[in-house]
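Colleague: Please take a close look at the side-chain contacts in this model, beginning with the aromatic rings and then turning to the charged groups. A connected account suited to a first-year student would be welcome.

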Amino acid sequence: MTPTPIPRPDHRRHVHVDAADPHRRGTARGEQLRAHLPAALDVYDRLFALGGVTPGQVRDDAERALDAVGEFRPGARAEIEGIADGAGIDPWRLAALNARTEILARSVTVPPGECTTLVRRTTEPPADTGGTGGPAEAVRTFGVQTWDWHVELSAHWHTLESRGGRHTVVGLTEDGILGKIGINSAGLALHFNILGHARDGVGGVPVHVLAAVVLAEAGSVAEAVDLVRSAPLASSGSFALFDGTEATLLDLSPAGVFAVAPDERGLLVRTNHFLTPVPAAGEKSWLYQPDSGERHDFVRARLAGLRPLPDTSAALARCLVTGPGEPPVTCLPDPAEALGRRWASLATVTLDPATRTAAVLDGTPADLGTRPWRTLTAT
């Protein structure tokens, strides 16, 4: 059957919190999400059950994940517990949302979603200084990604502005989940993709929580990489990290953290498979292939044919528009599929360290020009 448009709310929620105390930040967020969290929890309960994960296993996994968060960053645990208090929900239920990637790693029937990320690091010749000297070159970075996930969760995400910690953070996340995609007031940007390794499970810091901690604490790519390498990981993912001058792509896995540098044109391209050999040796390739490889090759081929390359994040986003007969970089759900297999591009997000902005399109890349962007600035 023909893919269908994605149902979207008339007004996407925006959550704003401002408190130095992590528990108070969480409480403020939970109060704003109180009416919406039960529906999000219901969708995940159904996905966990479809994946053969029992309620007892979900609770045990959630409590283990919360303990791991508390050992790594007590403030992050306090913020999760604050969301639960503000929403009137048991803390383990919020922990299950934050560890949803790790819990679903148990599943053999609910495959992960699919996202595509592009980052460009570009250098420009210096302005003519008349022989008086000056900078050797101007460096810029910017990025874009689709966030593809189950269409049943299309109403259960929001934009976020979080103040009061070391850095202000703006971006996008799911209801109840501490963080996902965003940029902070230091100009550090983070795009997020899920990967799959045979050793994935519960016991480390959930990758969504780690993303939130990175944006809250790190002021540069170098700081972010050091922070990620210090975290105990029991699951997989990818962070595309870039600041005003540097960019790197991380393979995160139980086998370790490995970095990928931009190619000769300053590009980073990520879909949903490992790009470094050590974690790739244990990859759950049956979850993502051949789809991930086809999307990756398609986008790289499209970029190879562009002269010059896009010079803004919005222009880069147009490289993610696909149609019939092309790999589904622009992802629309098939109504003929069952729960757990209706993938959709729930949002398109651009990040620009130069302006500290995250621009969120409540739509697919194909909606560029027809739907408004919501631009958030981390100051």
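Modeller: In this predicted model, a search of the whole structure finds four aromatic pairs. One of them joins Y44 and F48, whose ring centres are 6.0 Å apart and whose planes meet at 35°, a tilted arrangement. Y44 and F48 both belong to helix α2, which covers residues 37-50, and because they are four residues apart there, about one helical turn separates them. Y44 and F48 are both buried.

Another of the pairs is made by F192 and F239: the ring centres lie 5.7 Å apart with the planes at 40°, and the pair is therefore tilted. Here the two partners come from distant parts of the chain, with F192 in strand β7 (residues 189-193) and F239 in strand β8 (residues 237-242), 47 residues apart. F192 has a relative accessible area of 4% and is buried. F239 is buried too, with a value of 0%. Both labels follow because buried means under 20% relative accessible area.

Rings also meet charged groups in this model, as two arginines show. The charged end of R12 is placed over the ring of W157, at 3.8 Å from the ring centre. In the case of R73, the charged end sits over the ring of F72, and the distance to the centre is 4.4 Å.

R73 leads on to the contacts between charges, since this residue also forms a salt bridge, with E217 as its partner. Side chains of opposite charge can pair when their charged atoms come close. The closest N and O atoms of E217 and R73 are 2.8 Å apart. This salt bridge links distant parts of the chain: E217 lies in helix α7 (residues 207-217), whereas R73 lies in the loop between α3 (55-72) and α4 (74-87), and 144 residues separate them. E217 is partly exposed, at 26% relative accessibility, and R73 is likewise partly exposed, at 24%.

R12, described above with W157, takes part in a network of salt bridges that links R8, R12 and D362.

How many salt bridges are there by the rule applied here? The count comes to 22. Among them is the contact between the side chains of R100 and E174, with 2.4 Å from N to O. R100 is in helix α6 (residues 100-104) and E174 is in strand β5 (residues 169-174), so that, in terms of helices and strands as DSSP runs, the bridge joins distant parts of the chain, 74 residues apart. Are these two charged residues buried or exposed? R100 is buried, with a relative accessible area of 3%, and E174 is buried as well, at 1%.

A further salt bridge connects E152 with R342, and the closest N and O atoms are 2.5 Å apart. Both residues of this pair lie in loops: E152 is between β3 (138-150) and β4 (157-163), and R342 is between α12 (313-317) and β12 (343-352). The two are 190 residues apart, and the pair links distant parts of the chain. E152 has 17% relative accessibility and counts as buried, while R342 has 21% and is partly exposed. The two labels differ because the limit for buried is under 20% relative accessible area.

Technical notes
Residues are numbered from 1 along each chain as its sequence is written. This is a predicted model: local features need pLDDT of at least 70, side-chain atom pairs count only at pLDDT 80 or more; totals for chains, interfaces and linings use all residues. Side-chain values use heavy atoms; hydrogens and water are left out. A salt bridge is a side-chain nitrogen of Lys or Arg within 4 Å of a carboxyl oxygen of Asp or Glu. Buried means under 20% relative accessible area, exposed over 50%, partly exposed in between (1.4 Å probe, protein chains only). Rings of Phe, Tyr and Trp (its six-membered ring) pair if their centres lie within 6.5 Å; planes under 30 degrees apart count as stacked, over 60 as edge-to-face and the rest as tilted. A charge sits over a ring if NZ of Lys or CZ of Arg is within 6 Å of the ring centre and within 35 degrees of the ring normal.
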